[in-house]
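Thank you all for making time this morning. I would like to walk through one model with you, taking the pieces in turn and pausing on the backbone details as we reach them.

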Amino acid sequence: MVSSFFGLFTAQRSLSTNQTVMNVISNNIANANTPGYSRQNVNLQTSAPFPQPIKGVYTLPGTFGTGAEIKQITRTRDAFLDAQFRIEVGALGSYKEILSAATNVEGTLMEPSDSGISAKLDAFFNSAQELSLNPESLAVRTNFIQQAIDLSVVFNQQASALQDLRDSLVGNENDLTSVEQSKLGMYIVDVNSKLDTLAHINKQIITLKGNNVEPNDLLDERDRILDELSNLLPITIDESTIGSVNVSLGANQLVAGGIVVNTLFVQNSLNVNDPADVMLTGPPIVNVNADITGGKIGGLLDIGGNNVGELTIRGVIERLDTLANEISTAFNALQTAGRYIDSATGQLVDAAGAFDNIFLGGPPITAANITVDTNLVNDPNRVAAAVITAANDEIGSGGQALQMSQLRETLLAGLGNTTFSDYHTSTISNLGVQTKSISDKFNSQETLLNQIDLRRESISGVNMDEELVDLIRFQRAFEASSRVMTTINGILDVLINRML
């Protein structure tokens, strides 16, 4: 009869254990498509057996097994793959930000097209050539001025669009508000929010682990936040013995257990090569730009910076500034060294005495501020198309305009001994090569990250077929335990009620 009671107890425990396992399987199936969810497993172990009584005294070692009991419900997770994923997701985030910005820069320059600088520059030179052939024509002079205006407007538009793009990504170093409201500033706010959430989760995990509870859902949430932080910053993650994680940026700790040690903020840059300074709140307040070598924030600092030899928005703007300045310098020199038609007298006059330039701006003249002198816009006859010579030139002389048109093929020291067109073509081609390089790196990195993520998913993800097989297996075990209970109940009923 004692054995029957042991059997009944074992069957009851088995029912409870199998029911719990099926609940865990049901939870896995329900979260099969939940981002960041890790498949949970029930770890079973043999429960302590009852000793066999001899003459009413339990003196022998355990003999009667009491079934299985739940040791722990754990997540299926590979820490090594998690660490790999977080390294590679940071690199992908950096390439993604740079590639997105570079693609926008290419779209802004509009090359090749009829609206780009190359086309407008060609049209300007063609108008100078036509002016050299028909210097007495007011219509030709007006067209020359209009082409100069069109060229300057394109410079203005592209410089403005590029500066707006840079400001939207990293802010303007002269405007703290724009830095704080930029994409960089928003990412910093997001980082601080995630650090605060991470510390809060750490506190909960420490408490639960201290009570011998495995906080699987909290651990999943923490891993998801660590993945997102790694996409923004190249963080270092260390797990403590009490279950919490410590997060650092370089040598600076951000989160220690349940405490946020440091948060980040942005300010106007004190370094000419940086668009903005990312700082730790401290104390002490520390500039951490040098530590941000990857992640989306690192990509923004790179594309928004001014490092020579790297693909930067500022670098493209400076190339346009150089081109605009050299064009204005060369044409203004010829303009002030020539002769124009005095509209009042109809005679040729030396332009040097009138101080009329073709292009104005600055100083210095840049792509953003280049414009055409309004004196010429209002009176196209003031274009100095004639050469100053000892003899009194005729109105039909176009020698100076011819020299302007010949600037098309002139090699200029300020442009690295290249022509205007070749210099701009090199700007476009270099941008294309650098963008293609970043695109290739992004695609390779994306492929690598997807492979790591697939490996990680194969371990921690929910496989519906496996879960259904386990569900049927434990359902059969549950049914078997129920049959055991039914049988033992029948035996006990006979022993207790029918044999009296």
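Let me begin with the covering of one helix: the buried residues of α11 are covered by elements that include α3 (117-133), α4 (138-170), α9 (313-336), β12 (338-341) and β16 (386-387). Please keep in mind throughout that what you see is a predicted model. Which residues of α11, a helix that spans residues 399-406, are buried? They are Q400, A401, M404 and S405. Looking down the axis of α11, one finds these buried residues within an arc of 145°, and therefore they line one face of the helix.

Next, the strands around β6. Strand β6 covers residues 245-249, and because four of its five residues are buried, it is largely enclosed by the rest of the structure. On one side, β6 is joined by four bridges to β5 (residues 236-239), the two strands running antiparallel, and within this pairing D238 stands opposite N246 of β6. The hairpin that β5 and β6 make has five residues between the strands, and there G243 takes a positive phi near 100°.

Strand β6 also pairs with β7 (residues 252-256), again in the antiparallel sense and over four bridges, with S248 standing opposite Q253 in β7. The hairpin of β6 and β7 has two residues between the strands, and G250, which sits in the turn, has a positive phi of about 65°.

Strand β5 comes back when we turn to the pockets. The largest pocket has a volume of about 580 Å³. It is lined by 27 residues, of which A79, D82, A83, R86 and I237 are the closest to its centre. The elements that contribute two or more residues to this lining are β4 (68-75), α2 (79-109), α7 (216-232) and β5. Which of the elements gives the most to the lining of the largest pocket? That is α2, with seven residues. For those of you who think about the chemical character of a lining, the classes divide into 11 nonpolar, seven polar and nine charged residues.

I would also like to dwell on one residue of helix α7, namely S230. S230 has a relative accessibility of 3%, which is under 20%, and so it counts as buried. If we leave aside the neighbours within four places in sequence, S230 is in contact with R86, V89, G90, I235, I237 and G295. Two of these names have come up already, since R86 and I237 are among the residues closest to the centre of the largest pocket.

Let us move on to strand β10, residues 276-280. Five of its five residues are buried, so β10 is largely enclosed by the rest of the structure. How do the side chains of β10 divide by direction? A276, V278 and L280 point one way from the strand, while D277 and M279 point the other way, and all of them are buried.

As for its partners, β10 pairs with β9 (residues 264-268) in the antiparallel sense over five bridges, and here N268 stands opposite A276. With β11 (residues 286-287), β10 forms an antiparallel pairing over two bridges, in which M279 stands opposite N287. The hairpin of β10 and β11 has five residues between the strands, with G282 at a positive phi near 70°. The loop between β10 and β11 is also the place of P284, and the peptide bond joining P283 to P284 is cis, with an omega of about -5°.

A second cis peptide bond runs from P363 to P364, with omega near -10°, and P364 has its place in the loop between β14 (359-360) and β15 (371-372).

Finally, two residues other than glycine deserve a look for their positive phi. M110, in the loop between α2 and α3, has a phi near 55°, and because its relative accessibility is 31%, it counts as partly exposed. N212, found in the loop between α6 (183-210) and α7, has a phi near 60°, and with a relative accessibility of 75% N212 counts as exposed.

That is where I will stop, and I am happy to go back to any of these places in the viewer.

Conventions: Residues are numbered from 1 along each chain as its sequence is written. This is a predicted model: local features need pLDDT of at least 70, side-chain atom pairs count only at pLDDT 80 or more; totals for chains, interfaces and linings use all residues. Side-chain values use heavy atoms; hydrogens and water are left out. Buried means under 20% relative accessible area, exposed over 50%, partly exposed in between (1.4 Å probe, protein chains only). The arc is that of the directions from the helix axis to the C-beta atoms. Contact means heavy atoms within 4.5 Å. Two strands pair if DSSP finds at least two bridges between them. On a 1 Å grid over the protein atoms alone, a cavity is a set of points where a 1.4 Å probe fits but cannot get out, and a pocket is an open set with protein on both sides within 12 Å along at least five of seven lines; lining residues have an atom within 4 Å of a point. Grid points are joined across faces, edges and corners, and a volume is the space filled by probe spheres set on the points. Ala, Val, Leu, Ile, Met, Phe, Trp, Tyr, Cys and Pro count as nonpolar, Asp, Glu, Lys and Arg as charged, and the others, Gly among them, as polar.
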